[in-house]
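Morning, everyone. Let me walk you through one model. Please have a look at it first.

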Amino acid sequence: MNSDSHTGDNTVARILHLARESVPPVHPAGRPFVIGALAAALLLRRIATPLGTAGVLAAGALAWFFREPNRVAPANPHLAVAPADGTVTAVEEATPPAELGTGQQPRTRISIFLSVLDVHVQRLPATGTVERVAYRAGKFLSADLDKASEANERNSLLLRTEDGHRLTVVQIAGLVARRIVCDVTEGDAGRVGSTYGLIRFGSRVDIYLPHGSHVLVTVGQRAIGGETPLAALPSAPGTAQPPASTAGS
């Protein structure tokens, strides 16, 4: 009996492990919404069972929207990886946000549009230290428009990599998105692929690359936040840059 009990415990443990691996965790900013929906479902169930079922389904949809799946970043430290899931909508020269004080010289900008169905957390594109964080109020135009980068509400992040390169990542609110969450402050250090923020309900993320970077994606390509290499960064002085790797993408 003890043997059977031990085997049963192992089976339950394996099932729980598989469940944890299969169901992504919920970002902390989304937990109040999920808990609120579940509480409403319990109250609605007292009125009518179908209403309670609808509440549970709503809670599940919110948990799915605020999901924060585990990601494995490429091992190559000379890559800038996607800061968000979505579709690459533009690769062009543009001036970084003025509020960061990085100058008016244009840099290569890669824009990623996040639909309502995409994962909405943002991740650091490289290992480094946050030098500056700047929020600017703005409009709520559709995030897939070119002018959204300039006109919409945004939160900009200046990241200095271990090799001394500066990457600018900008969270941009969209037509439906009305809340930008940024969980890092100036001086914070982070690893490539680690979550630093979230935009609710449809949005866009821009990344500005240092001069000399080699873009690895094209317009229309799908990007996976924390995994897809967007560009090969210039080598640090006196070092050789290894070939770009898509390991973990």
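Helices (H or I, at least four residues) and strands (E, at least two) are DSSP runs, numbered from the N terminus. This is a predicted model: local features need pLDDT of at least 70, side-chain atom pairs count only at pLDDT 80 or more, and totals for chains, interfaces and linings use all residues. Residues are numbered from 1 along each chain as its sequence is written, and side-chain values use heavy atoms, with hydrogens and water left out.

Start with residues 47-66. An unreviewed UniProt entry places the feature "transmembrane region" there. UniProt positions are given in the numbering used here, feature names are shortened, and annotations may be inferred rather than shown by experiment. In the model, this span is 90% helix and 0% strand. Its end C-alpha atoms lie 28 Å apart.

Now helix H3, residues 49-65. How far apart are its end C-alpha atoms? They are 25 Å apart, which agrees with the 24 Å that 17 residues should span at 1.5 Å a residue. That expected span is 1.5 Å times one less than the number of residues.

Which residues of H3 are buried, meaning under 20% relative accessible area (exposed is over 50%, partly exposed in between; 1.4 Å probe, protein chains only)? They are Gly52, Gly55, Ala59, Leu62 and Phe65. Seen down the axis, they fall within an arc of 135 degrees, so they line one face of the helix. The arc is that of the directions from the helix axis to the C-beta atoms. Pro50 and Leu57, on the other side of H3, are exposed. The cover over the buried residues includes helix H2 (31-47) and E10. Contact here means heavy atoms within 4.5 Å.

Next, the sheet. Eight strands form an open, antiparallel sheet, in the order E9-E5-E6-E7-E11-E3-E2-E13. Two strands pair if DSSP finds at least two bridges between them. E9 (189-190) and E13 (222-223) stand at the edges with a single partner strand each, so one side of each has no neighbour in the sheet.

Take E2, residues 86-94. Two bridges join E2 to E13, with Gly86 opposite Ala223. Seven bridges join E2 to E3, and there Ala90 faces Ser111.

Last, the cores. A nonpolar core is a set of buried Ala, Val, Leu, Ile, Met, Phe, Trp, Tyr and Cys residues joined through side-chain atoms within 4.5 Å. The largest has 27 residues. Ile110, Ile112, Ile207, Leu209 and Leu230 have the most contacts inside it. Apart from that core lies another, of twelve residues, including Leu62 and Leu198.
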